[in-house]
Amino acid sequence: MSCENETPGATRVSTVHRLTTAGGIEAALGRPPSMIMLKQISALDEGCRTVLAHCPLAGFGYRDAEGTSRTTFVGGTPGFVRVHSPTRISFTLPDGEAHGPVSFVFLLPGVGETLRLNGSVAKRKGAETFVDVQEAYVHCAQAVIRSRLWQPPVPAGPPPAFEGEGPLRGPGVAEFLAAAPFLTLSTWDDSGGGDTSPRGDRPAVARILDGRTLVLPDRRGNKRADSLHNLLQDDRLSFAALVPGRTGVLHGHGRGTITDDPALLETMALRGTPPHAALLIDVEHAEVTANDAVTRSRVWTTHLERGTVPDLMALAGDHLAANLADAEGGLLTRVLKVVTGIPGIGRVLRVAINRAYRSGLRKEGYEEVEIGSPRAGRPVAVENPLREVRIAEVRRETPSAVTLVLEDVERPASFDFRPGQFFTLVVDIDGRPVRRAYSASSAPGAPRLEVTVKRVDGGRFSAHVHSELRAGDRLSVRGPSGSFHADPAAAHEVVLVAAGSGITPMMSVIRTLLAAPAPARIALLYSNRSAEEIIFADELSRLEKENAGRLSVTHVLTRERGRLDAAGVRGWLSDLRPPEDTRYYLCGPEALMDTVQSVLTERGVPDDRVHHERYTSGVGTATTATTPQQMIVEDGTREVGSVVVEPGQTLLDAGLAAGLEMPYSCTVGNCGDCRVKLRGGEVAMTEPNCLTPQQRADGYVLACVGCPLSKVTLDIADP
């Protein structure tokens with residue numbers, strides 16, 4: 001009979017018996033078999049490197065500059081760890097700096113076993129952290145199996161009632177712990193070593209005893225007990241917990257002790273079988289936050305195709321055989337080599353290992369034991385909307401504008417779009433992906449894409465482009481997006497009005513139309529503060545000379561003649577005398593576009609012949625909730641799914657990470673493709689964005705820049 005819901009009061013915590021010696025731990029857990037330690041290697045072999053190349057997520061334990069223990073999840077994409085040599089790796093750590101010993105638990109979606117690495121920080125270069133590897137070994141699958149980490153998520157029960165104030169009463173913490181079956185636990189010894197181990201249990205991996213105390217059952221395993229032995233030397237620890245289906249992480253740190261108190265262990269019994277020990281954590285800090293690595297990794301909706309990486313238990317056998325050979329294992333080494341060389345033996349061993357897992361876990365009291373992912377072995381087609389590109393050239397246009405010339409990383413392929421559309425550029429800055437939208441300035445259909453970026457005061461992305469990016473660097477693009485575009489097959493005349501960097505989509509339009517067979521005439525009115533700030537000045541002059549009669553360019557320098565006003569626009573249009581079927585394209589500051597629009601309205605130009613491109617900076621911030629919020633997604637009358645949106649996370653990111661079919665394109669609030677109807681609840685959006693006042697009044701929100709302030713219901717049916 002399980003007594004999982006019983007929790008002793010706060011006064012009980014102070015009286016439970018503690019284990020304070022290595023002998024006491026061995027008495028409770030037993031001594032680890034000698035073979036266990038022979039599965040550990042000191043450098044990365046080919047199997048380890050293959051695992052790292054396919055792993056999208058890892059638990060990471062480190063200490064910051066102040067010596068505080070930290071555990072988080074890092075990664076986001078397969079191969080996020082770069083292997084420089086068998087004993088050196090590097091990766092990006094978005095928040096903080098790691099110092100001294102560090103440790104990893106690498107997770108492969110759908111796989112029970114994990115790869116663990118221990119090492120120390122060698123150097124840092126910005127957000128890139130370089131680590132010298134000291135130990136690597138495969139950890140058995142019991143923690144993952146116990147937690148059902150890769151199984152479909154199940155509804156969580158209500159958080160338990162508990163006494164006392166403390167960090168565990170923080171926003172969303174108790175609710176998260178009630179649903180979290182898995183965490184990674186980081187500990188350190190007193191000789192410069194660290195360890196991060198996986199922990200899993202049902203229905204939750206940790207139980208709250210009071211406002212600042214957690215208890216983790218320590219059930220049967222391989223008896224290495226590294227974490228417990230470390231705590232005898234240094235009681236500081238940290239942990240990071242996961243809930244299947246959610247992209248948030250509960251980060252916590254505090255101090256730990258070990259107990260074998262029978263009364264406390266009995267409260268965690270499964271079918272009458274208590275754990276042999278437990279870890280008591282005095283929690284000093286606990287907080288639920290959105291985690292970019294979990295969000296980007298899509299671990300809840302993807303998994304590895306069978307055969308992509310070596311069977312991790314077979315890899316552990318290779319490590320054992322290598323160590324036995326080094327130790328002159330003789331007959332046993334030869335037997336292992338013969339056995340592992342038998343065709344099909346891997347599948348036989350996997351069946352035997354899974355059978356052993358089931359048997360052992362049932363003896364511990366687990367009634368239902370499921371091995372691996374229910375989808376394991378079948379590839380899942382997951383759309384990757386990002387296209388990895390390489391910077392072929394960085395071309396200086398003006399003192400404040402550069403053009404990035406981009407090409408595919410793998411093999412040449414054309415960039416197809418409509419002239420005037422934009423692409424979303426994604427660059428890692430200090431370990432986090434930052435996204436901004438920029439219009440293509442090149443003509444479509446070429447193997448190279450050109451985007452022109454003007455430096456903006458306070459603009460994080462543009463500053464990074466101007467100061468950091470060089471030819472050969474890589475980034476990602478999404479797109480094309482946007483309804484602002486011209487038709488190169490049309491024969492009507494085109495009038496373009498631009499200011500500053502608003503010339504970039506116009507340049508794509510000009511280049512495309514001049515190359516088209518249709519004899520369209522193009523007139524450009526282009527405003528800048530001074531001559532040195534005219535982007536594409538030389539090319540515009542050349543194109544005007546080479547296409548006399550088809551292209552005319554009029555420059556307005558506001559430092560010399562003042563801002564372009566309605567009178568100036570009227571005079572220019574009067575001299576131009578455009579025919580009735582002319583199409584007008586406007587791109588620049590809102591004030592200028594409103595001025596031009598008013599003049600065109602005066603002249604009787606229909607609205608459907610006037611096209612606007614409205615830029616948003618992407619640097620604004622929205623008010624966000626401090627607690628996780630539920631999002632229900634509907635498609636008309638049909639419910640598509642439900643997901644928890646973490647504090648600071650957008651509706652779109654949460655939906656995509658959960659595998660929901662959310663509409664989107666640019667992801668930065670520029671295109672409107674992610675516009676959805678808000679059926680219930682409250683949403684705050686980053687400003688400015690492309691929603692019109694009428695769309696707001698009709699109850700629409702943009703999922704890509706919207707954060708829920710309460711439980712929300714969205715309708716993704718075509719608006």
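This report describes helix packing and strand pairing in a predicted model.

## The seven-stranded sheet and helix α4

Seven strands form an open sheet in the order β3-β2-β6-β7-β8-β5-β4, and their pairing is antiparallel. The edges are occupied by β3 (69-75) and β4 (82-85), each of which has a single partner strand, so one side of each is left without a neighbour in the sheet. From one strand to the next, the twist averages 30°.

Within this sheet, strand β6 (residues 99-107) and strand β7 (residues 114-125) are paired in the antiparallel sense over six bridges, and F106 has L115 of β7 as its bridge partner. Helix α4 (residues 46-54) packs on the sheet, where it touches β4, β6, β7 and β8 (128-139), and the direction of α4 makes about 80° with that of β7.

## Helices α2 and α7

Helix α2 (residues 22-29) and helix α7 (residues 226-233) have axes that come within 10 Å and cross at roughly 155°. Because angles over 145 degrees count as roughly antiparallel, α2 and α7 are therefore described as roughly antiparallel to each other. The crossing in which α2 passes α7 is right-handed.

On the α2 side, the contact is made by A22, I25 and L29, while α7 contributes L228, H229 and L232. Sorted by class, the contact of α2 with α7 has five nonpolar residues and one polar residue, with no charged residues.

## Helices α17 and α18

Helix α17 (residues 566-576) packs against helix α18 (residues 590-602) at an angle of about 50°, and their axes are 9 Å apart. That angle makes α17 oblique to α18, and α17 passes α18 in a right-handed crossing.

The residues that make this contact are A566, V569, R570 and L573 from α17, together with T595, V596, V599, L600 and E602 from α18. In the contact of α17 with α18, six residues are nonpolar, one is polar and two are charged.

## The β25-α18-β26 crossover

Helix α18 also has a place in the path of the chain between two paired strands. Strand β25 (residues 583-587) and strand β26 (residues 610-613) pair in the parallel sense over four bridges, and C587 is matched with E613 of β26 as its bridge partner. The chain crosses from β25 through α18 to β26, and the resulting β-α-β crossover is right-handed.

## The five-stranded sheet

A further open sheet consists of five strands in the order β28-β27-β33-β29-β31, and its pairing is mixed. Its edge strands are β28 (638-645) and β31 (700-702), each of which pairs on one side only. The twist in this sheet averages 35° from one strand to the next.

Strand β27 (residues 629-635) pairs with the edge strand β28 in the antiparallel sense over seven bridges, and within this pairing V633 has G641 of β28 as its bridge partner. Strands of a sheet pair through backbone hydrogen bonds, either in the parallel or in the antiparallel sense. In the predicted model, the parallel sense is found between β25 and β26, whereas the antiparallel sense is found between β27 and β28 and also between β6 and β7.

Methods: Residues are numbered from 1 along each chain as its sequence is written. This is a predicted model: local features need pLDDT of at least 70, side-chain atom pairs count only at pLDDT 80 or more; totals for chains, interfaces and linings use all residues. Side-chain values use heavy atoms; hydrogens and water are left out. Axes are lines fitted to C-alpha atoms, for helices over the stretch in contact, and angles run from 0 to 180 degrees between N-to-C directions. Angles under 35 degrees count as roughly parallel, over 145 as roughly antiparallel, 65 to 115 as roughly perpendicular and the rest as oblique. A crossing is left-handed if the near helix is turned anticlockwise from the far one by less than a right angle, and right-handed if clockwise. Contact means heavy atoms within 4.5 Å. Ala, Val, Leu, Ile, Met, Phe, Trp, Tyr, Cys and Pro count as nonpolar, Asp, Glu, Lys and Arg as charged, and the others, Gly among them, as polar. Two strands pair if DSSP finds at least two bridges between them. A crossover is right-handed if, with the strands pointing away from the viewer, the path from the first strand over the helix to the second runs clockwise.
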